[in-house]
Each structure stands twice: as structure tokens, then as C-alpha cells.
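Here is a short briefing to read alongside the model. Take a look at the sequence and the structure first, and then we can walk through the topics together.

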Number of protein chains: 2
Amino acid sequence: MQQESARRSNRERTEETREKLIAAARRLFIEKSYAETGTPEIVRSAGLTRGALYHHFADKQALLQAVVEREAEQVAKEIEQGSDDAASPVRALIDGGRAYLAAMTEPGRTRLLLLDGPAVLGRARMDEIDSRHGNRTLREGLAAAMRAGAIRRLPLDPLTGLLGAAFDRAALTIEAGADADACHRALAGLIEGLSAGKTGGAD
Amino acid sequence: MQQESARRSNRERTEETREKLIAAARRLFIEKSYAETGTPEIVRSAGLTRGALYHHFADKQALLQAVVEREAEQVAKEIEQGSDDAASPVRALIDGGRAYLAAMTEPGRTRLLLLDGPAVLGRARMDEIDSRHGNRTLREGLAAAMRAGAIRRLPLDPLTGLLGAAFDRAALTIEAGADADACHRALAGLIEGLSAGKTGGAD
DNA sequence: CGATTAACATACAGGCTGCATGCATGCAAC
DNA sequence: GTTGCATGCATGCAGCCTGTATGTTAATCG
């Protein structure tokens with residue numbers, strides 16, 4: 001009766017089910033929000049039951065974490081594809097930022113990665129995910145620019161976090177309907193300031 | 001029997017009850033989180049019942065909004081008290097930032113204003129609250145500095161948002177145990193960069 | 001081919017939210 | 001001042017959700 005569906009191994013079956021759950025959860029978490037989406041709705045949308053969900057994920061939070069992790073990975077991939085070569089380290093940073101903002105245009109990413117993720121999983125877990133995917137390229141870019149003497153030397157990790165937060169906010173603001181070009185200019189100004197600001201470095 | 005409690009007018013009674021609910025909710029939202037705190041626990045902690053809560057607030061979100069609003073107001077007040085006079089516009093910005101970070105040291109404020117608030121109330125409502133209390137001073141400071149020619153001219157509103165986000169992230173990072181001084185330096189570097197970076201201002 | 005384990009569905013317990021109902025007290029008008 | 005209404009608040013209820021325990025089918029392995 002179930003020829004094509006029963007022919008898959010346990011391994012494939014697991015992968016497929018997890019995939020369906022993550023996809024359905026992603027869809028609903030984006031459309032509504034994590035809090036306003038119930039597990040019954042998720043599994044209904046995935047064509048499964050809550051039994052499958054709680055078999056593969058410890059709880060609802062773990063499902064969100066899987067969704068977030070995958071999304072962060074995807075964003076990192078798009079950024080790396082977008083910014084390969086750059087004239088100068090500073091230009092590389094600005095280009096990377098632009099690629100990040102472009103990636104965050106994908107609907108729902110801001111909600112997943114910047115709102116629900118931090119609130120539900122906590123900033124610690126989000127930082128850990130971020131450092132593996134999102135902020136990694138930014139951090140490397142800043143380190144390279146510092147080594148090259150293109151920007152003033154500042155504490156690397158805090159600066160990475162601060163700039164990353166500025167990028168995040170820019171993504172949110174743009175999605176909220178603000179002037180994207182103005183945001184890009186402000187962001188570029190912030191970065192360029194790092195390169196020129198060697199005057200006040202007497203700390 | 002209830003002499004001192006029955007002697008208050010309806011007006012006072014309302015104020016007092018709302019106050020108790022907000023205080024209890026604040027305490028628990030900070031200790032745990034918004035999501036993990038139930039209304040039964042809140043009213044128990046306040047010595048009331050859920051009837052009182054839902055009489056004064058439309059729903060649990062409205063209670064959080066009241067808590068957040070009050071907290072943002074308090075932060076703004078502390079900042080204004082902390083930074084009165086400043087030598088230069090740029091120094092005023094840095095001092096203001098330092099005052100903000102100091103205010104955000106108060107336990108739980110980061111969770112209320114930077115995590116649960118945006119996630120539950122949505123960024124639109126939070127932006128509205130922020131623009132009335134928190135970011136207002138920052139925005140005015142940036143505008144003044146631009147008028148004085150102390151920093152390069154960039155789109156004001158986006159820049160305010162971006163810098164505000166950097167401040168927020170600094171507060172979170174510091175609370176997470178990072179080196180506070182390094183965060184302060186990175187933040188100051190970001191701001192000072194705006195003042196020196198007149199090279200790329202060909203806009 | 002029998003036994004074990006994994007994948008999944010179903011049923012259940014506890015808790016929570018929001019509302020509707022009910023009571024008691026403050027308040028205003030006559 | 002007492003009559004009537006509105007306000008402040010407590011209690012009870014309906015519906016939903018989460019997490020878990022139990023049962024069933026299908027795959028894997030000796």
C-alpha cells in the first residue's frame with residue numbers, strides 16, 4: 001500500500017521527518033511568531049503528529065534552535081558567496097555588510113535570528129550560534145583590517161559584537177520600511193570612521 | 001476591620017493595585033522571563049488575584065508593556081541626571097553612552113528592554129517607546145554634534161538606531177561577563193570615528 | 001527468523017490564558 | 001441619606017497548549 005513511502009530506510013525516514021518539521025516550523029514561526037505558534041499547528045502543517053515532533057526534538061525550544069541554526073548557516077553561506085574579492089579591507093567590510101543586509105531581506109529572517117531567537121534561546125546560545133556562522137566573517141574581516149593597519153586597533157571581540165548589532169539593527173530598520181539607502185550610508189559611515197579615526201587613539 | 005486599607009479612595013486604590021502588579025511582574029519577569037512567568041504567580045506575588053490583573057490590564061502583554069515603559073522611563077531619567085555638562089558634542093555622546101551602560105547595569109533591565117520587550121511587544125512598539133525615552137537623548141546628541149560640525153553628516157534616524165543598537169549590544173555583552181572596559185573603548189572608538197571620518201564624506 | 005530498537009501515533013495530566021459571572025464598595029444625584 | 005450606577009476585584013469556567021507515558025508498526029541485527 002505504501003510502496004514509495006515504506007521503501008526508505010530508517011535513516012532516510014528520520015532525515016525526511018526532521019526536515020518536514022523544521023520546514024513547517026520555520027514557515028509558521030515566520031508567519032506568526034514562536035510564541036503564537038502551537039505544536040499542534042506545526043505538525044498538522046507538516047502532515048505528522050506531535051509524537052513525531054517530540055520523538056525528534058526534546059521540546060519546542062529545540063525545534064526553534066534547529067530552525068535558527070539552519071537559518072544562520074544559510075545567511076553565512078549567502079554572505080560568503082556574495083563577497084569574494086575586495087579592493088581594500090575596509091571595502092571588504094562594507095561589502096560584507098551589504099551582503100548581510102541583502103541576505104536578511106529574506107522574509108522572516110529578522111524575526112527568527114534577531115527577535116525570537118535571542119528572546120527564547122537566550123543571548124548565550126544565540127551568541128554561540130552567531131560566532132559559528134554569522135559574526136565569524138565579520139570578526140575575521142575586522143581582524144584582517146586591523147592587521148593591515150586599515151582601521152584603528154580596538155578590542156576585537158567587543159567591536160565585532162557592536163558592529164554586528166548595528167548590522168542587525170539596520171536589517172530590522174530596513175524591514176520596517178525605513179530608507180534602505182540611508183541605512184547603508186550610515187553603516188558605511190560607521191565603518192569608514194574606524195579607518196580614519198586615528199586621532200583619538202590616545203587611550 | 002480594614003481601617004487603613006478601606007480608607008483610600010477608588011483612585012488611590014487603582015493606583016496602588018496597578019503599582020503592585022507592575023512591581024510583582026517586573027520582579028518575576030526579571031527573575032525568570034516573560035514567557036516562563038504565569039499570571040497566577042504574578043498575582044500571588046502581588047497579594048491579589050487574576051481578576052484584578054485582567055481588570056486593570058487588557059492582557060499579559062499589556063502588563064509587560066507597562067513594565068517596559070516604566071523601565072525605559074527610569075533609564076532615560078538616570079541618563080539625563082548623569083550627563084549634564086560636556087566639553088564637546090562628541091564627549092557628550094561618549095558620556096551619554098557611558099551613562100546608558102551604567103543604567104543598564106541594573107539587573108534585569110537588559111532582559112526587559114532588550115530581549116523580552118522587542119520579542120513580545122514587537123519592534124514597532126519598542127521603537128515607539130524607545131523614541132520617547134531611551135534613544136531620544138542619543139538622537140538629540142547626534143543632531144547637535146552634526147550641527148556643530150563635530151561629526152560627519154549622516155542620515156540621522158538610521159544612525160541613531162544603529163548606534164543605539166551598538167549601545168544595547170554593549171550592555172548585553174557586559175552583563176554576560178565581558179570586559180566592560182574593552183566594550184567602552186570599542187564604543188568610544190566607534191563614536192570618535194564619526195568625528196574624524198570626514199574623508200569619505202563625498203556624498 | 002526471532003529479538004531488539006527506532007519511528008511514530010494516541011491518550012492523558014497539568015497548567016495557563018482570557019472571559020464571564022458575581023459581589024461589594026465607592027460615588028454621585030436627588 | 002438613600003437610591004442607583006459604576007468601579008474594583010474575586011471566582012469559576014472553557015479552551016488550548018505543552019510535555020510525557022503508553023501503545024503499535026516497521027526496520028535492523030545477530
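A residue counts as near a DNA strand if one of its heavy atoms lies within 4 Å of that strand. With that cut-off in hand, 67% of the atoms of DNA strand C within 4 Å of the protein belong to sugar or phosphate, and the rest belong to bases. Please keep in mind that this is a predicted model.

**Chain A and its annotations**

- Chain A has 10 helices and zero strands, and its pattern along the sequence reads α-α-α-α-α-α-α-α-α-α.
- Taken along the principal axes, the box filled by the C-alpha atoms of chain A is roughly 75 × 30 × 30 Å.
- An unreviewed UniProt entry places the feature "domain: HTH tetR-type" at residues 15-75 of chain A. In the model, this span is 79% helix and 0% strand, with 22 Å between its end C-alpha atoms.
- The feature "DNA-binding region" is placed by UniProt (unreviewed entry) at residues 38-57 of chain A. Here the model gives 75% helix and 0% strand, and the end C-alpha atoms are 15 Å apart.

**Around DNA strand C**

- Which residues come nearest to DNA strand C? Of the 20 residues around this strand, they are T14(A), T49(A), H56(A), T39(B) and Y54(B).
- Two threonines of chain A reach phosphate oxygens of DNA strand C through a side-chain N or O atom: T49(A) at 2.3 Å and T14(A) at 2.4 Å.
- The side chain of R13(A) has an N or O atom 3.5 Å from a sugar or linking oxygen of DNA strand C.
- Helix 2 (10-31) and helix 4 of chain A, together with helix 3 (39-46) and helix 4 of chain B, are the elements that give two or more residues to the surface near DNA strand C.
- Sorted by class, the surface near DNA strand C holds four nonpolar, 12 polar and four charged residues.

**Around DNA strand D**

- DNA strand D has 20 residues around it, and T39(A), R50(A), Y54(A), T49(B) and H56(B) come nearest.
- Sugar or phosphate accounts for 67% of the atoms of DNA strand D within 4 Å of the protein, and bases make up the rest.
- Chain A offers T39(A), with a side-chain N or O atom 2.3 Å from a phosphate oxygen of DNA strand D, and K60(A), where the corresponding distance to a phosphate oxygen of the strand is 3.3 Å.
- From chain B, a polar side-chain atom of H55(B) is 3.0 Å from a phosphate oxygen of DNA strand D.
- The elements giving two or more residues to the surface near DNA strand D are helix 3 (39-46) and helix 4 (50-56) of chain A, along with helix 2 (10-31) and helix 4 (50-56) of chain B.
- The classes on the surface near DNA strand D come to four nonpolar, 12 polar and four charged residues.

**The second largest pocket**

- The second largest pocket has a volume of about 920 Å³.
- Its lining consists of 37 residues, with A119(A), V120(A), D116(B), A119(B) and V120(B) nearest the centre of the pocket.
- Helix 5 (60-82) and helix 7 (109-132) of chain A and helix 7 (109-132) of chain B are the elements that give two or more residues to the lining of the second largest pocket.
- Which helix gives the largest share of this lining? Helix 7 of chain A does, with 10 residues.
- The lining of the second largest pocket is made up of 15 nonpolar, 10 polar and 12 charged residues.

**Aromatic pairs**

- Over all chains, the structure holds four aromatic pairs.
- One of them joins Y100(B) and F167(B) edge-to-face, at 6.2 Å centre to centre and with 70° between the planes.
- Because Y100(B) sits in helix 6 (residues 89-103) of chain B and F167(B) in helix 9 (residues 156-175) of chain B, this pair ties together parts that are 67 residues apart in sequence.

Technical notes: Residues are numbered from 1 along each chain as its sequence is written. Chains are lettered from A and ligands numbered from 1 in the order in which they are written. This is a predicted model: local features need pLDDT of at least 70, side-chain atom pairs count only at pLDDT 80 or more; totals for chains, interfaces and linings use all residues. Side-chain values use heavy atoms; hydrogens and water are left out. UniProt positions are given in the numbering used here, feature names are shortened, and annotations may be inferred rather than shown by experiment. Helices (H or I, at least four residues) and strands (E, at least two) are DSSP runs, numbered from the N terminus. A polar contact is a pair of N or O atoms within 3.5 Å; within protein, one must be able to donate a hydrogen and the other to accept it, and residues adjacent in sequence count only if both atoms are side-chain atoms. Ala, Val, Leu, Ile, Met, Phe, Trp, Tyr, Cys and Pro count as nonpolar, Asp, Glu, Lys and Arg as charged, and the others, Gly among them, as polar. On a 1 Å grid over the protein atoms alone, a cavity is a set of points where a 1.4 Å probe fits but cannot get out, and a pocket is an open set with protein on both sides within 12 Å along at least five of seven lines; lining residues have an atom within 4 Å of a point. Grid points are joined across faces, edges and corners, and a volume is the space filled by probe spheres set on the points. Rings of Phe, Tyr and Trp (its six-membered ring) pair if their centres lie within 6.5 Å; planes under 30 degrees apart count as stacked, over 60 as edge-to-face and the rest as tilted.
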